[in-house]
Amino acid sequence: MKMEQGSCVLVGAGPGDPELLTLKAVRAIRSATVLLVDDLVGEAVVPHALKGTRRKPRIVHVGKRGGCASTPQDFIERLMIAEAQRGERVVRLKGGDPFIFGRGGEEAEHLRAAGVPVEVVHGITAGLAAAGALGVPLTHRDHAQGVMLVTGHARAGGEAPHWPTLAAAAAQGLTLVVYMGIARLHDLQAGLLQGLAAHTPAAVVQHAALPNERRVVTTLATLADDVEAAGLGSPAIVIVGDVLKGIAAAAFTETSTLHRHSAQA
């Protein structure tokens, strides 16, 4: 008897708030027979998506978090391929968007090379959610004609971003959004100050769109010190640029100061 061909769907779970899941993402999760859940997926996402379903998928947690012990990427890819080749409907659930620093491109390539049909369901990326938490846009006719999404985490053996070059680009009217940049925040700050003014607005949002969200609004001159004083850590997004001059962002300055005080208490 010929085994029915399986498939794989790479699904973006968004920043963590289950209400930010797309309808297509919920349908994909509910259709899964095997659900591979990334460590950065919000805890409420899977129960929310599966609420009321009679048939539950087999759930496998495949942790992937920067700076922590993680499930090896090659193991995850082999598992997805093996389950799909057994006829399973595999859903790989990722935080944010699978194709924005989610390694979804690599996984799609490996799956297609193995003959496994692949579909991608996009989600709200953390950089956009962080801007939303601050009440500011990433682009603005008066302040930013574009946006750069950059990772601050170099792959093993790779080179870190050249921050002075990115600063020069940002100075031309681009918002800089940095993922996985907290561990190297001092280097990021020093490099950007080579091309941007010290008074350039900057902000960090940790756990964007979640109940434990925290944020600091400051300037590039004191970015690293303010984040350390507030006790913010990963996962967090760094935003640098004049879009933060907005009134909504300024309204959070008092909140940020309270965070700093509580962290020092």
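Biologist: Which residue forms a salt bridge with D242, and how do you know that the pair counts as one?

Modeller: This is a predicted model, so everything I tell you is computed from its atoms. The partner is K245, and the closest N and O atoms of the pair are 3.8 Å apart. A salt bridge needs a Lys or Arg side-chain nitrogen within 4 Å of an Asp or Glu carboxyl oxygen, so 3.8 Å makes the cut.

Biologist: What class of exposure does D242 get?

Modeller: Partly exposed, at 31% relative accessibility. The class runs between the 20% limit for buried and the 50% limit for exposed, so 31% falls inside that range.

Biologist: How many salt bridges does the structure hold?

Modeller: There are 10. One of them pairs R58 with E83, with the closest N and O atoms 2.9 Å apart. R58 sits in strand β3 and E83 in helix α3, so this contact links distant parts of the chain, 25 residues apart.

Biologist: Is E83 buried or exposed? And what about R58?

Modeller: E83 is at 4% relative accessibility, and buried means under 20%, so E83 counts as buried. R58 is at 41%, which is why it is called partly exposed.

Biologist: What makes the contact of E107 with R92 a salt bridge?

Modeller: Their side chains meet at 3.3 Å, N to O, and the limit is 4 Å, so the pair qualifies. E107 belongs to helix α4 (residues 104-113) and R92 to strand β4, so the salt bridge ties together parts that are 15 residues apart in sequence. Salt bridges with shared partners also join D38, R92, K94 and E107 into one network.

Biologist: Are E107 and R92 buried or exposed?

Modeller: E107 has a relative accessible area of 0% and R92 is at 1%. Buried means under 20%, so we call E107 buried, and R92 likewise.

Biologist: On to the sheet. In what order do its strands run, and how are they paired?

Modeller: It's an open sheet of five strands, ordered β3-β2-β4-β1-β5, with parallel pairing. The edge strands are β3 (58-62) and β5 (118-121), as each pairs on one side only. On average, neighbouring strands are turned by 20 degrees against each other, direction ignored.

Biologist: How do you know that β1 pairs with β4?

Modeller: Count the bridges: six join the two strands, which run parallel. Pairing takes at least two, so six is enough. Along that pairing, V9 stands opposite V91 in β4. On the β5 side, β1 pairs in the parallel sense over four bridges, with V118 as the bridge partner of C8. Strand β2 (residues 34-38) is joined to β3 by five bridges, also parallel, and there V34 stands opposite R58.

Biologist: Why is β1 called largely enclosed by the rest of the structure?

Modeller: Six of the six residues of β1 are buried, so that's the label it gets. S7, V9 and V11 point one way from the strand, while C8, L10 and G12 point the other way. In a regular strand, side chains alternate between the two faces of the sheet.

Biologist: What makes S7 in particular buried?

Modeller: Its relative accessible area is 16%, and the limit is 20%, so S7 is in. Leaving out residues up to four places away in sequence, S7 touches A84, E88, R89, V90, V116 and P117.

Biologist: What makes the contact between the side chains of S7 and R89 a polar one?

Modeller: The side chains come to 3.3 Å, and the cut-off is a pair of N or O atoms within 3.5 Å, so it counts.

Biologist: Which strands does helix α1 lie across, and which does helix α3?

Modeller: Helix α1 (residues 23-31) lies across β1 (7-12), β2, β4 (89-94) and β5, at about 140 degrees to β1. Helix α3 (residues 73-85) lies across β1, β2, β3 and β4, running at about 150 degrees to β4.

Biologist: One more. Which residues of helix α6 are buried, and how do you know where they lie around its axis?

Modeller: W163, L166, A167 and A170 are buried in α6 (residues 163-170). They cover an arc of only 105 degrees around the axis, which puts them on the same side of the helix. An α-helix has 3.6 residues a turn, so residues three or four places apart point the same way. Among the elements covering the buried residues of α6 are β6 (146-151), β7 (174-179) and α7 (185-192).

Key
Residues are numbered from 1 along each chain as its sequence is written. This is a predicted model: local features need pLDDT of at least 70, side-chain atom pairs count only at pLDDT 80 or more; totals for chains, interfaces and linings use all residues. Side-chain values use heavy atoms; hydrogens and water are left out. Axes are lines fitted to C-alpha atoms, for helices over the stretch in contact, and angles run from 0 to 180 degrees between N-to-C directions. Contact means heavy atoms within 4.5 Å. Buried means under 20% relative accessible area, exposed over 50%, partly exposed in between (1.4 Å probe, protein chains only). The arc is that of the directions from the helix axis to the C-beta atoms. A polar contact is a pair of N or O atoms within 3.5 Å; within protein, one must be able to donate a hydrogen and the other to accept it, and residues adjacent in sequence count only if both atoms are side-chain atoms.
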